[in-house]
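Ready to practise reading a protein model? Take a pencil and work through the exercises below, checking each step as you go.

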Amino acid sequence: MNGKRIIILKGSPRGGSNSSILADQVAAGAKEAGAEVELFSLSKMEIYPCRACEACHASADSQCVIQDDMQGLFPKLREADGIVIASPIYWFTFNAQTKACIDRWYSLESPQGNALAGKQLALVLAYADTDPYSSGAVNAIRAFGDMARYLKATVAGIVYGSSGEAGAIQQQPKALAKAYELGQKLAK
Ligand SMILES: Cc1cc2nc3c(=O)[nH]c(=O)nc-3n(C[C@H](O)[C@H](O)[C@H](O)COP(=O)(O)O)c2cc1C
């Protein structure tokens, strides 16, 4: 172990998920390079949407008050050196499971700054259409870039691949290799 902690958030609900397969490659690369990696399947977790109640911002040390599985994830996000979002593209952007989790990061902002500032962020996407433009992956990539800029986080890399059927990404060695390399980079 080299002391680097990487959190991977998988948003796909389906078995044999392409974004999940790419995320596993990121995990393998990061582990091989010595990082400690934890993977979370968001669709198996209870994650409610942000209610905009603002309770998390009521005072300098207020926390999110929604009692669900984000309560276990928040400390992991705070402690991580790197955070990987792995999402399928649904309706031209992140899927709902992924977006619900990201929206809850709202509570990580405080007068001391954002808890995710300075971290390495990475993005993994799978979509069925032929390219990142017609699939809508560009929208998720654009939102991800804006998120990183807002959070004052670093974009470590983005890996995406066109793959409709579950498991189809296995036939794309270049995408798999790119994901593995991204994991290695995150571990450095
Ligand atoms: C509800 C739904 C919406 C989808 N919307 C899009 C889309 O807008 N663009 C696209 O290229 N693929 C779309 N797809 C196809 C998936 O992105 C594609 O199958 C991808 O490989 C799924 O990733 P996963 O295997 O990690 O779940 C959609 C699939 C579903 C189920």
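Here are three exercises, each with a worked solution.

This is a predicted model, in which local features need pLDDT of at least 70, side-chain atom pairs count only at pLDDT 80 or more, and totals for chains, interfaces and linings use all residues. Residues are numbered from 1 along each chain as its sequence is written, and side-chain values use heavy atoms, leaving out hydrogens and water.

**Exercise 1.** Describe the surroundings of K119.

*Solution.*
- Step 1: Find K119 in the loop between strand 6 (113–114) and strand 7 (120–127); helices (H or I, at least four residues) and strands (E, at least two) are DSSP runs numbered from the N terminus.
- Step 2: Look for a partner of opposite charge (Lys and Arg count as positive, Asp and Glu as negative; His and the chain ends are not counted). The nearest such side chain, D81, is 6.2 Å away, and K119 is buried without a salt bridge.
- Step 3: Apply the cut-offs: buried is under 20% relative accessible area, exposed is over 50%, and partly exposed is in between (1.4 Å probe, protein chains only). A salt bridge needs a side-chain nitrogen of Lys or Arg within 4 Å of a carboxyl oxygen of Asp or Glu.
- Step 4: Look at the backbone too: the side chain of K119 reaches the backbone oxygen of R78 at 2.6 Å.
- Step 5: List contacts (heavy atoms within 4.5 Å). Leaving aside neighbours within four places in sequence, those of K119 include L77, I83, A153 and T154.

**Exercise 2.** Which parts of the chain does the salt bridge between R104 and D68 tie together?

*Solution.*
- Step 1: Check the distance: the closest N and O atoms of R104 and D68 are 2.7 Å apart.
- Step 2: Place both residues. R104 is in the loop between helix 3 and strand 5 (109–110), and D68 is in the loop between strand 2 (36–41) and helix 2 (70–79), so the pair ties together parts 36 residues apart in sequence.
- Step 3: Check accessibility: both R104 and D68 are buried.

**Exercise 3.** Examine the salt bridges of D103 and D146.

*Solution.*
- Step 1: D103 pairs with K99 at 2.7 Å, N to O. These two are 4 residues apart in helix 3, which means about one helical turn separates them.
- Step 2: D103 is partly exposed at 32% relative accessibility, and K99 is partly exposed at 39%.
- Step 3: D146 meets R149 at 3.3 Å, N to O. Both lie in helix 5, 3 residues apart.
- Step 4: D146 is partly exposed at 26%, whereas R149 is exposed at 59%.
- Step 5: Widen the view: R142, D146 and R149 are linked in a network of salt bridges.

Terms used:
Polar contact = N/O pair within 3.5 Å; in protein donor to acceptor, adjacent residues only side chain to side chain.
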